[in-house]
Amino acid sequence: MLGRVQTNARNAGQVDAVTSNIQTASDLIGRPVGAVSQGINDFTQGIFRAGGLRAENERLRAQEQAWSLYEARIRDMESEIEQLRALMGLPPIPGREAVTAVAIGYYPHEHRMTLGVGSDQGIRPDQPVLTAAGLIGVVHSVEAQRCQVRLISSPQFQVGAAVMGEVPLEGIAKGEGRDVLILQLLDLSQPIELDQPVVTSGYSERIPRGLPIGKAVQVEDDEQFGIRRVRVFPHVRLSNVRSVVVLK
Amino acid sequence: MRFWIALAVLWGGAALQQGASERLAVLGCAPDFLLAAVAPLALSYGRSGGAVVGFFAGLLHGGLAGANMAQYSASRAIVGFIAAWTGSSIEKLEPMTCLIHVVCLTVLGRVLFMFMAPPAQIGSYLLATIGVAVYNGVIALPIYALLRKTVRKDPL
């Protein structure tokens, strides 16, 4: 009976009452415990990786400066594209607005992550969730102040993806456990080189084109069935994720 | 008193599971605080009490993970029952006995769960189970110590 209640709620993009109450009760001390353990973790990492962190900080400052040069220009161009799309009667491109969020729970066996933002912040099911390195999953179910993310490692995860070579090759990428996705392509004629980037193809109402997913690490051709399987190694190490962005 | 101690331990376990478990991972193995709490609690609450404690620990774990609770509840209830059954023969809670007890029960709980909800990569799941079991054995020792000084002194 509980399973049926859960399944019905999930199909509606919501969280059932039992799960919601458990998470609310656990949040009371779970969030402070998480903040303290994160602080301890940061402190110990700071001691052992001080040199590396300082170098990383410098690199990020340089990237931020470079980014600020282009930000205004990109905004102008995006605005122009939206105006042109509106003139042509096309719907707006999804993923224009970003909501930052903190991961308050990570459950690798369930391929799920809980974020501290929900419908009150405009989060809806199927919105993409990413870090600076790339896509980590899509929003699965939403409450007022929390949402569950289905991670790219989940066997139930599917997204339109493309290998970005000279000619982009598009297909469907599916989660396959913790460290890899499988991208199925129907075009066997174009060569694929290892380490080529794999990004979202944009054939979705909520997921825009070009979000980085990972890189191609292995290619298998099944000529009998006319299918090419590309193993994709994700850019993001899910266990290290703390802060994310949800694209609205 | 016994009820409140069980509630406090399970609630604390749930909070640690949510907030600290993955941040305390060593070599990809994170502790399972709720499963680690079931074994010592079951020792003090008898077979049916152990099954009930296990059931609610599973419910909490499934709810936190946003997963189907049925598999978690069923596997943890069986672990709670077996923990109490096997634990009834333990006369004195020596640290090493407790550690082995929790290690074995963690392996049992995760293997039962594996059959009820098969993971994508069974090999890596079983490998992680060994690490989780050892981790749980260590973190359960303070719970055993707490219960030895409180609950097990209470008359049934």
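**A colleague's note on the cavities and the A–B interface**

1. Let me start inside. The largest cavity is lined by 13 residues, and those nearest its centre are Gly105(A), Tyr106(A), Arg242(A), Glu22(B) and Arg23(B). Please keep in mind that this is a predicted model. The space in this largest cavity comes to about 100 Å³.

2. Where does the largest share of that lining come from? Strand E1(A) provides it, with 4 residues. Two elements each supply at least two residues of the lining of the largest cavity: E1 of chain A and helix H1 (2-19) of chain B. Sorted by class, this lining holds 5 nonpolar, 5 polar and 3 charged residues.

3. The structure has 3 cavities of 30 Å³ or more in total, so a word on the second largest is in order as well. About 80 Å³ of space lies in it. Chain A lines the second largest cavity with residues including Gln6(A), Ala9(A), Arg10(A), Asp16(A), Arg112(A) and Gln148(A), and Gly66(B) is also in the lining.

4. For the second largest cavity, helices H1 and H2 of chain A each give at least two lining residues. H1(A) gives the most, with 3 residues. The classes here are 2 nonpolar, 7 polar and 3 charged.

5. Now the interface itself. Chain A brings 36 residues to the contact and chain B brings 27 residues. Between them the two chains bury about 2,600 Å², with 56% of that on carbon and sulfur atoms. Three residues stand out on the chain A side: Ile22(A), Tyr107(A) and His109(A) supply 23% of the area that chain A buries against chain B, more than any other three residues.

6. Which elements of chain A make up the side that touches chain B? Helix H1 (2-11), helix H2 (17-48), strand E1 (98-107) and strand E2 (112-115) each supply at least two residues of it. H2(A) gives the most, with 16 residues. By class, the side of chain A that touches chain B has 13 nonpolar, 14 polar and 9 charged residues.

7. How many salt bridges does the rule find across the interface of chain A and chain B? The count is 0. Polar contacts are there, however: 9 residue pairs between chain A and chain B are in polar contact, with both residues at pLDDT 80 or more.

8. Over all chains, a search of the whole structure finds 9 salt bridges. One pair to look at on your screen is Asp27(A) and Arg31(A), whose side chains meet in a salt bridge at 3.4 Å, N to O. Why are these two separated by about one helical turn? Because they are 4 residues apart in helix H2 of chain A.

9. To pull a few threads together: H2 of chain A gives the most to the side of chain A that touches chain B, supplies at least two residues to the lining of the second largest cavity, and holds both Asp27(A) and Arg31(A). E1 of chain A, in turn, supplies at least two residues of the side that touches chain B and gives the largest share of the lining of the largest cavity.

Terms used: Residues numbered from 1 in each chain as written. Chains lettered and ligands numbered in written order. Predicted model: local features only at pLDDT ≥ 70, side-chain atom pairs only at ≥ 80, totals over all residues. Heavy atoms only, no water. Contact = heavy atoms within 4.5 Å. Buried area = accessible area lost by both parts, 1.4 Å probe. Salt bridge = Lys/Arg side-chain N within 4 Å of Asp/Glu carboxyl O. Polar contact = N/O pair within 3.5 Å; in protein donor to acceptor, adjacent residues only side chain to side chain. Nonpolar A, V, L, I, M, F, W, Y, C, P; charged D, E, K, R; others polar. 1 Å grid on protein atoms, 1.4 Å probe; cavity = no way out; pocket = protein on both sides within 12 Å on 5 of 7 lines; lining within 4 Å. Points joined across faces, edges and corners; volume = space filled by probe spheres on them.
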